[in-house]
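Please work through the exercises below with the sequence and the model open beside you. Each task is followed by a solution that goes step by step.

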Amino acid sequence: MLHFARWKSISIITFLAIGVLLCVPNLLPRSVFPDWLPARQISLGLDLRGGSYLLLEVDTNAVVRERLEGLVDGARTRLRTANIRYTGLAADAANRRMSVRVTDPAQAGAAATALRELANPVQVSAGNQSPDIDVTTAPDGTVTATLNEAGLRAKATSAVEQSIEIVRRRVDETGVADALVARQGASRVLVQLPGIEDPNRIKELLGRTARMTFHLLDESANPSAAVAPPGVVFMSGENTAERYPIRRRVEVDGANLTDARAGQDSRTGEWVVNFTFDSVGARRFAQITRENVNRRFAIVLDDKVISAPVIREPITGGRGQISGSFTARTANDLAVLLRAGALPAPLTVVEERSVGPELGADAIRAGIISLGAGALLVFLYMGFAYGLLGWFANIALAFNLVLMAAALSLLEATLTLPGIAGIVLTLGTALDANILINERIREEVKNGRTPISALELGFSKASGTIMDSNLTNLIAMICLYAFGSGPVKGFAVTVAIGTVVQMWTATTLVRLMVAWWYRATRPKEIPTFAKPGASLYERLRRPLFRLVPDVTKIPFMKGAKAGLLVSAVLSTLSVVVAFHPGLDKGIDFKGGIVMEVRTPDVADLGTLRGTVGSLGLGDVGLQQFGDASTVLLRLPAQGEETQTQTAVNRVRESLERVAPGTRILRVEAVGNRVSDELFLGGMIALAVSLVAMLLYIWFRFEWQFGIAAILTLILDTTKTIGFMALFSVEFNLTTIAAILTIIGFSANDKVVVFDRMRENLRKFKQMPLRQLVDQSINETLNRSVGTSMTLLLSAVPLLLFGGDTLSGFAQVMVFGIIVSASSSVFIAAPIVLYTGEKRLRRGDPAETTGGGKPARAG
């Protein structure tokens, strides 16, 4: 085990060197490196460098309505051309169909043929196409055209893909650097805008469909009539209350525009938008203006009439001008929209998170302090608790951080504040494997093994337990990544990478260092026990303290019934408290608006509350947040997502009026549908992780261990939730991440105890199960306490220095670590005892095997 071939040593050193090189680009600006060098870097998330996160949803229902309206217009033209008389031509968006009743039922077949010609082909499989509508006829002459599933899918997919491209163009036109535009789910578009503190203008640009069309006005229609004539629609002006009778027929489509620029009219000096058509649009525009001189020609943008000038003369140059009370900004924004193209369907902001640069700098500072403090505490604990072997583990831990950074750089990952929390926690969990190995080595030394034998057996016996315990943690992180959202995914990736890396550094890198040390010194003993009166060098090589004596014989199982009873009572009370008064759900799970604002002077909470309350947006929550000039404002969900965004804008305006110079430091706005989805995702992540761990532990151990593990994890989770309800810790995605981390750690701790029980079942075949369980717990007590201590030492700095954002996360972690450590002894072990008392020791002890699992009796 301690023999390393030269090529293996060189490979390990080379791997570490590559890791260091991959980290170097993060220390220098990207401009330093030549373009041909693939210098990958970790990018900072919006919560660290400031910026805005917008989640937009494509209104696919609008795509359906537009398609049906097109079918109605097409049906009207084709039926008239075919001299087919009809009545009741109408679209039914709810049932995705259009219907018409032919006056002469004998002509129903001809009408159906005419409607089938309106179908668009859609791809259903490789090389196969089908129409997007199904046309049917009824005996009474009713002909129905229904949009089929293939057509709907094709339309929705096309709309989302086109929306993504147009959103990307619009964002690029605004000049935002390093913006991210990506698809999320079936009908949503994710937009991340670094450095944008107030995303209002961007939201306005992205939210407008910007479909521009040119229509003739129906001069014979009465704009004041209640119902528009067939083929005509009444539209209002964008800046006026005048109604215009607009013909539905699109004479020229804005899709034929090739350019649009803001400028000033040379005659009047007013701001206008000058546009240019492509050859098709120019030809059509010239024809329409030539044929309709002295008639009004409306320019329509998103169902609003911008202007409706009279055509004085044919316009044949393919160029035109839009005027309409523009300012420099609005003219430029319209030009941006027209250049980027029209969205195929409206976009709605369903989730918004904005962080100002001040908060981003504070978050970075808090993260660095937490990381530094956690690293120092964990390093000192390992060095003083395990001596030389502990210092080896610290060196491996330093490389663990380097390799984590290298992996994140290679993935070009985005580091968020929860991600930093993941790195801090990895400091604690990363040493778990080293503690397992060191405790095994101490046991072998106590048993009289030679140094080389103790080292080899320590590494070999601990390897299986290390694999089992870390896989349970990976299961929790995979579930969190699969069902989490936003920064929480970054937390899951960071912890998962740290888990994999620490398994390698503990079992390979530390073993290599130990092998080098052994070959260089050929020690007669391993420095695993302290010696009184030793020199400073010798004290540093040997442990200075032990949290638990080396030999303990605590009869834990005497309190088995009491432990289970107390746990059941606490968990029951926790469930009751979780329902009444209930959990304090964060904005992630209940929707609503949270705004952190800073006033120029000391905040007047009464004035601010009265101002925002007068807007009629629901119950207003206001509290001082940090210093006297910073206020946290909460509003309930506003129903529709569009109302949520309107509420955010109204609050901004009202705060600026009552306290000029007020700055918005942070905005979080989550709609009802998104909050429901996030809550469901969090609950699914918890449930799936519990089931996955049950299956894994059941597969690796006897069923009694699986049942004990899952019941204990459920009890640990309920107590943690009860703690959150009792102390009003906000229940959100970040605390879900903390709960899943606790579940992973708790399962990890139980697997170590279970592994020792399984080993002792093979080793002591006639020992009563109660005595065997007590002995297994006592033998692993130092390891359990040591791992809990390293995790606590890394979590406490998060609680002290992590700031308000990570406060709930850290509180849940600290409480969960304490609960999980005690539950291994007082819940999991008693369950194994009571469920396995007759099965794990049933029958002749000689019938048990020496294989991977104890033989099942009976």
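**Exercise 1: a salt bridge between buried residues**

Glu668 is buried, with a relative accessible area of 17%, where buried means under 20% relative accessible area, exposed over 50%, and partly exposed in between, computed with a 1.4 Å probe and protein chains only. This is a predicted model, in which local features need pLDDT of at least 70 and side-chain atom pairs count only at pLDDT 80 or more, while totals for chains, interfaces and linings use all residues. Residues are numbered from 1 along each chain as its sequence is written, and side-chain values use heavy atoms, with hydrogens and water left out.

Task: find which residue forms a salt bridge with Glu668, and state where the two residues lie.

Solution. Begin with the criterion, which asks for a side-chain nitrogen of Lys or Arg within 4 Å of a carboxyl oxygen of Asp or Glu. Arg353 meets this criterion with Glu668, the closest N and O atoms being 2.8 Å apart. Next, locate the residues: Glu668 belongs to strand β25 (residues 663-670) and Arg353 to strand β20 (residues 347-355), so that the pair links distant parts of the chain, 315 residues apart. (Helices, H or I of at least four residues, and strands, E of at least two, are DSSP runs numbered from the N terminus.) Arg353 also counts as buried, at 18% relative accessibility. Finally, widen the view: a network of salt bridges links Glu351, Arg353, Asp588, Glu596, Arg666 and Glu668.

**Exercise 2: two further salt bridges**

Task: decide whether Glu677 and Arg188, which meet in a salt bridge, are buried, partly exposed or exposed, and then do the same for Asp259 and Arg261.

Solution. The side chains of Glu677 and Arg188 come to 2.5 Å, N to O. This pair also links distant parts of the chain, with Glu677 in helix α19 (residues 672-700) and Arg188 in strand β10 (residues 188-194), 489 residues apart. Glu677 is partly exposed at 39% relative accessibility, whereas Arg188 is buried at 11%. For the second salt bridge, Asp259 and Arg261 have an N to O distance of 3.2 Å; Asp259 is partly exposed at 27%, and Arg261 is partly exposed at 46%. A search of the whole structure finds 37 salt bridges.

**Exercise 3: the surroundings of strand β8**

Task: explain why strand β8 (residues 142-147) is described as largely enclosed, and name strands that pair with β8.

Solution. The burial count comes first: 5 of the 6 residues of β8 are buried, so the strand is largely enclosed by the rest of the structure. Turn then to pairing, which requires that DSSP finds at least two bridges between two strands. Strand β4 (residues 97-102) pairs with β8 in the antiparallel sense over 5 bridges, and Ser99 has Thr144 in β8 as its bridge partner. Strand β7 (residues 133-137) also pairs with β8 in the antiparallel sense over 5 bridges, with Ile133 bridging to Leu147 in β8. In the hairpin of β7 and β8, which has 4 residues between the strands, Gly141 takes a positive phi near 90 degrees.

**Exercise 4: the protein as a whole**

Task: state how many helices and strands the protein has, and what share of its residues is buried.

Solution. The protein has 24 helices and 25 strands. Of its 858 residues, 52% count as buried. Its C-alpha atoms fill a box of roughly 110 × 65 × 60 Å, taken along the principal axes.
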